[in-house]
Amino acid sequence: MVNATKGLFISCDIPMAQFIINLNASLPALQKFIIHVIDSTHLFVQPHVSEMIRSAISDFRDQNSYEKPN
């Protein structure tokens with residue numbers, strides 16, 4: 001018998017994968033969204049969290065960007 005799980009496949013670089021894994025680890029057990037870590041650059045996550053992940057990445061990039069002073 002085949003078991004199928006609906007999810008979202010994420011392919012990214014290693015630092016971004018670690019960011020997503022740490023984001024998942026910071027949540028309570030009932031809110032964890034990673035279904036399977038395939039390897040260091042591929043993750044399989046629940047489909048409803050795509051916007052939350054995008055938002056967290058955007059916030060992270062905004063906090064860690066440099067703007068040259070005038």
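**Close-up views of a predicted protein model**

**Figure 1. Helix H2 has the span expected for its number of residues.** Helix H2 comprises the 14 residues 50-63, which at 1.5 Å a residue should span 20 Å; the C-alpha atoms at its ends are 20 Å apart, so expectation and model agree. The model shown in this and every other view is predicted. The buried residues of H2 are Ile53, Ala56 and Ile57. Seen down the helix axis, these buried residues fall within an arc of 100°, and they therefore line one face of H2. An α-helix has 3.6 residues a turn, so residues three or four places apart point the same way. On the other side of H2, Glu51, Arg54 and Asp62 are exposed. The cover over the buried residues of H2 includes strand S1 (8-11), helix H1 (14-25) and strand S3 (42-45).

**Figure 2. The buried residues of helix H1 lie on the same side of the helix.** From its first C-alpha to its last, H1 reaches 16 Å with its 12 residues, close to the 16 Å expected at 1.5 Å a residue. Met16, Ala17, Ile20, Leu23 and Asn24 are buried in H1. Around the helix axis they cover an arc of only 120°, which puts them on the same side of H1. Pro15, Asn22 and Ala25, on the other side of H1, are exposed. The packing partners of the buried residues of H1 are S1, strand S2 (34-39), S3 and H2.

**Figure 3. Phe19 and Phe60 form a tilted aromatic pair.** The count of aromatic pairs in the model comes to one. In this pair, the rings of Phe19 and Phe60 are 4.7 Å apart centre to centre, with 35° between their planes. Phe19 lies in helix H1 and Phe60 in helix H2, so the pair ties together parts that are 41 residues apart in sequence. Phe60 has a relative accessibility of 36% and therefore counts as partly exposed, a class that lies between the limits of 20% for buried and 50% for exposed.

**Figure 4. Asn24 is a buried residue of helix H1.** Asn24 is found in H1. Its relative accessibility is 10%, so Asn24 counts as buried; the limit for this class is under 20%. With neighbours within four places in sequence left aside, Asn24 is in contact with Lys32, Phe33 and Ile34. Asn24 and His48 are 24 residues apart in sequence, and their C-alpha atoms are 14 Å apart in space.

**Figure 5. Tyr66 is an exposed residue in the segment after H2.** Tyr66 has its place in the segment that follows H2. With a relative accessible area of 68%, Tyr66 is exposed, since exposed residues are those over 50%. Tyr66 and Ile35 are 31 residues apart in sequence, and from C-alpha to C-alpha they are 34 Å apart in space.

**Figure 6. The protein chain places the close-up views in context: two helices and three strands.** Along the sequence, the protein chain follows the pattern β-α-β-β-α. The C-alpha atoms fill a box of roughly 65 × 25 × 15 Å, taken along the principal axes. The protein chain has a radius of gyration of 14 Å, whereas a compact globule of 70 residues would have one near 11 Å. Of the 70 residues, 20% count as buried. The protein chain exposes about 5,500 Å², of which carbon and sulfur atoms supply 55%. Among contacts between residues at least 6 apart in sequence, 58% join residues at least 24 apart.

Notes: Residues are numbered from 1 along each chain as its sequence is written. This is a predicted model: local features need pLDDT of at least 70, side-chain atom pairs count only at pLDDT 80 or more; totals for chains, interfaces and linings use all residues. Side-chain values use heavy atoms; hydrogens and water are left out. Helices (H or I, at least four residues) and strands (E, at least two) are DSSP runs, numbered from the N terminus. The expected span of a helix is 1.5 Å times one less than its number of residues. Buried means under 20% relative accessible area, exposed over 50%, partly exposed in between (1.4 Å probe, protein chains only). The arc is that of the directions from the helix axis to the C-beta atoms. Contact means heavy atoms within 4.5 Å. Rings of Phe, Tyr and Trp (its six-membered ring) pair if their centres lie within 6.5 Å; planes under 30 degrees apart count as stacked, over 60 as edge-to-face and the rest as tilted. The radius of gyration is taken over C-alpha atoms; the globule rule is 2.2 Å times the number of residues to the power 0.38. Accessible areas come from the Shrake-Rupley method with a 1.4 Å probe; for residues, only the protein chains shown count as cover.
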